[in-house]
Amino acid sequence: MLELLDYPFMQRALLAALLIGVAAPAVGIYLVQRRQALMGDGIGHVALTGVALGFLLDTSPVWMAVAVSSLGAVAMELLRSWGRARGDIALAMLFYGGMAGGVMIINLAPGGSTANLTSYLWGSVTTVSPSDITAITFLSGFVLLICLGLRRQLFAVCQDEEFARVTGLPVRTLNLLLAVTAAATVTVAMRVVGLLLVSALMVIPVVAAQQATRGFAMTLALSVAIGVLVSVSGTVTSYYVDVPPGATIVLIALGLFLLISALALPLARRRARRAAPVAPAVAKADPAVRS
Amino acid sequence: METVISLAKVTAELGGRPVLRGIDLAVRPGEAVALLGANGSGKSTAVRAVVGQVPVTGGELTLFGSPVRRFRDWARVGYVPQRSTAAAGVPATVREVVSAGRLARRRLRPLGRADRAAVDRALGLVGLADRAAESVNDLSGGQHQRVLIARALTGEPDVLIMDEPLAGVDLDSQQVLADTLREALGRGVSVLLVLHELGPLQPLIDRAVVLADGRVERTVERPGRLPGTQTACHPPTAADELSATPTLRTGIL
């Protein structure tokens, strides 16, 4: 069955899938924890403008996408922290601006048309070039260094931002770092699952894992395992059956989510029953009205 | 010894609306001071100003002698925010949440053996050592409050600042809270806390400061020594009764 490893293009595809399977859930878990599961989508749309700029300026679309989506992610984070726009509205603006900008710019590029964008929109893991692999390896390394090395600090910031500020953590810096890390992940993953499905690989493994876990570290470990499983198995499937790898990966992840949810349901019920006798916890007054 | 927390004519606004209109308050080493008052009187804003989360628009607020804006030694401050009922997006164990408090001492460095020992100690103090591996989402309100207190204690602070630690807390947890505070005060830790009523903490409180409409209405020294002052220093108003009754099930009233 391993004859697929004889082809260099499949070696590269599998390596890219493996790296993204690890990196995407590792950063996605913080976004899910902060209830910003859609942030990856927003960054993905902005990255499209970067890809198109890469074509227009005849530079590498991947690195241009890293630069532009980092700027977009930082802008999103600043808007959120200043409270100038509601998080969902800031996101919506980025979605539309990024998409329209990408389509406009690619049509300005000499000989460019939206067809150039297709492989980035839907992914095309089997056409990953050796120079792509260098970029993907480097960026995944950066993402993992941040997401694992600073996991306690990022956990504290995403779990209770006000408390984290009072402990003296550099909360603003950590938030911006997380935004840039998310942008790097999106651009890494766009070659594999495509910009429109990037966020799925950041979110679904985490949500699937947390159906069965009680702690953060456990959720992180399990979601990375799920991420690797689905991205590698999706890539292999697309080698044997003529199906698009990005969509295959996402559908396998969704299937796994449903399976884990179904298996974990009785477990959650039992836990809820056990917690019920001590549950007359009185709802605290609406935090919005605290004086 | 230097005053731990000092507010002199402090004013603050929330969204352009004046909430603190000149508060004077001092917490000295080893003291326990309670802030009382109706909803909207400014008690929560006052403690959030003390921990630097609400900007002070006038007057002087100092922590351990430094103006709050220039204060950097946050490891000396243990903050227990108001408990939110919203469950986090990703589950976290009791130990993981409590460990976050240790970052006050470690900042960007990883946690080591001494940190784990401090987390164990804090969990033991609030009586949750046997639940360290459980998800905080599975805890009752009182247990959750104890987690937040352990998180603040694990940084080994010199002052504990708590926002409504009794709200939605069952009787057992109230007792654990009182014992924890007594132990901390015994070690010379100072305490500033926002309360709706003194309840089981009454004997521990050195001074009760009653706020009304952003000003200090009155100060009662040693409220625990005078039987019956609990109601006297917290005169129920119509608005207070309305908002307080459904949230307070302490069994004391």
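These legends accompany several close-up views of a predicted model.

**View 1. Two tyrosines of chain A meet as a tilted aromatic pair.** Across all chains, nine aromatic pairs are counted. In one of them, the ring centres of A:Tyr7 and A:Tyr239 are 6.2 Å from each other, and the angle between the planes is 45°. With planes counted as edge-to-face over 60 degrees and as stacked under 30 degrees, the pair falls into the tilted class. A:Tyr7 sits in the segment before helix 1 (8–33) of chain A, while A:Tyr239 belongs to helix 11 (residues 216–240) of chain A, so this contact ties together parts that are 232 residues apart in sequence. Both rings are partly covered: A:Tyr7 is partly exposed at a relative accessible area of 39%, and A:Tyr239 is partly exposed at 23%. If you widen the view a little, look for a cluster, in which ring pairs link A:Tyr7 and A:Tyr239 with A:Phe9 and A:Tyr240.

**View 2. A:Phe55 and A:Tyr120 form an edge-to-face pair.** Here the planes stand at 80° and the centres are 6.3 Å apart, so the geometry is edge-to-face. Which elements does this pair tie together? A:Phe55 comes from helix 2 (residues 39–56) of chain A and A:Tyr120 from helix 5 (residues 118–122) of chain A, parts that are 65 residues apart in sequence. A:Phe55 is partly exposed, with 29% relative accessibility, whereas A:Tyr120 is buried at 8%.

**View 3. B:Phe64 carries an arginine over its ring.** B:Arg76 lies over the face of B:Phe64, 3.8 Å from the ring centre. The backbone deserves a look too: B:Phe64 is not a glycine, yet its phi is positive, at about 50°. You will find B:Phe64 in the loop between strand 4 (56–63) and strand 5 (66–67) of chain B. Is B:Phe64 buried or exposed? Its relative accessibility is 8%, so B:Phe64 counts as buried.

**View 4. B:Asp213 is another residue with a positive phi.** Although B:Asp213 is not a glycine, its phi is near 55°. B:Asp213 is placed in the loop between strand 9 (207–212) and strand 10 (215–221) of chain B. Its relative accessible area of 48% makes B:Asp213 partly exposed.

**View 5. Chains A and B both line the second largest cavity.** The model holds three cavities of 30 Å³ or more, and the second largest has about 70 Å³ of space. Its lining has 14 residues, and those nearest the centre are A:Phe163, A:Thr167, B:Val77, B:Gly78 and B:Ala104. At least two lining residues each come from helix 8 (161–166) of chain A, strand 6 (77–80) of chain B and helix 5 (141–153) of chain B. Strand 6 of chain B gives the largest share, three residues. By type, the lining has nine nonpolar residues, four polar ones and one charged. A:Phe163 also has a charge over its face: B:Arg151 lies there, 3.6 Å from the ring centre.

**View 6. Helix 10 (residues 198–210) of chain A is mostly covered.** How many of its 13 residues are buried? The count is twelve, and among them are A:Val198, A:Leu201, A:Met202, A:Ile204 and A:Pro205. Some residues with polar side chains are buried in helix 10 as well, including A:Ser199 and A:Gln210.

How values were computed:
Residues are numbered from 1 along each chain as its sequence is written. Chains are lettered from A and ligands numbered from 1 in the order in which they are written. Side-chain values use heavy atoms; hydrogens and water are left out. Rings of Phe, Tyr and Trp (its six-membered ring) pair if their centres lie within 6.5 Å; planes under 30 degrees apart count as stacked, over 60 as edge-to-face and the rest as tilted. Helices (H or I, at least four residues) and strands (E, at least two) are DSSP runs, numbered from the N terminus. Buried means under 20% relative accessible area, exposed over 50%, partly exposed in between (1.4 Å probe, protein chains only). A charge sits over a ring if NZ of Lys or CZ of Arg is within 6 Å of the ring centre and within 35 degrees of the ring normal. On a 1 Å grid over the protein atoms alone, a cavity is a set of points where a 1.4 Å probe fits but cannot get out, and a pocket is an open set with protein on both sides within 12 Å along at least five of seven lines; lining residues have an atom within 4 Å of a point. Grid points are joined across faces, edges and corners, and a volume is the space filled by probe spheres set on the points.
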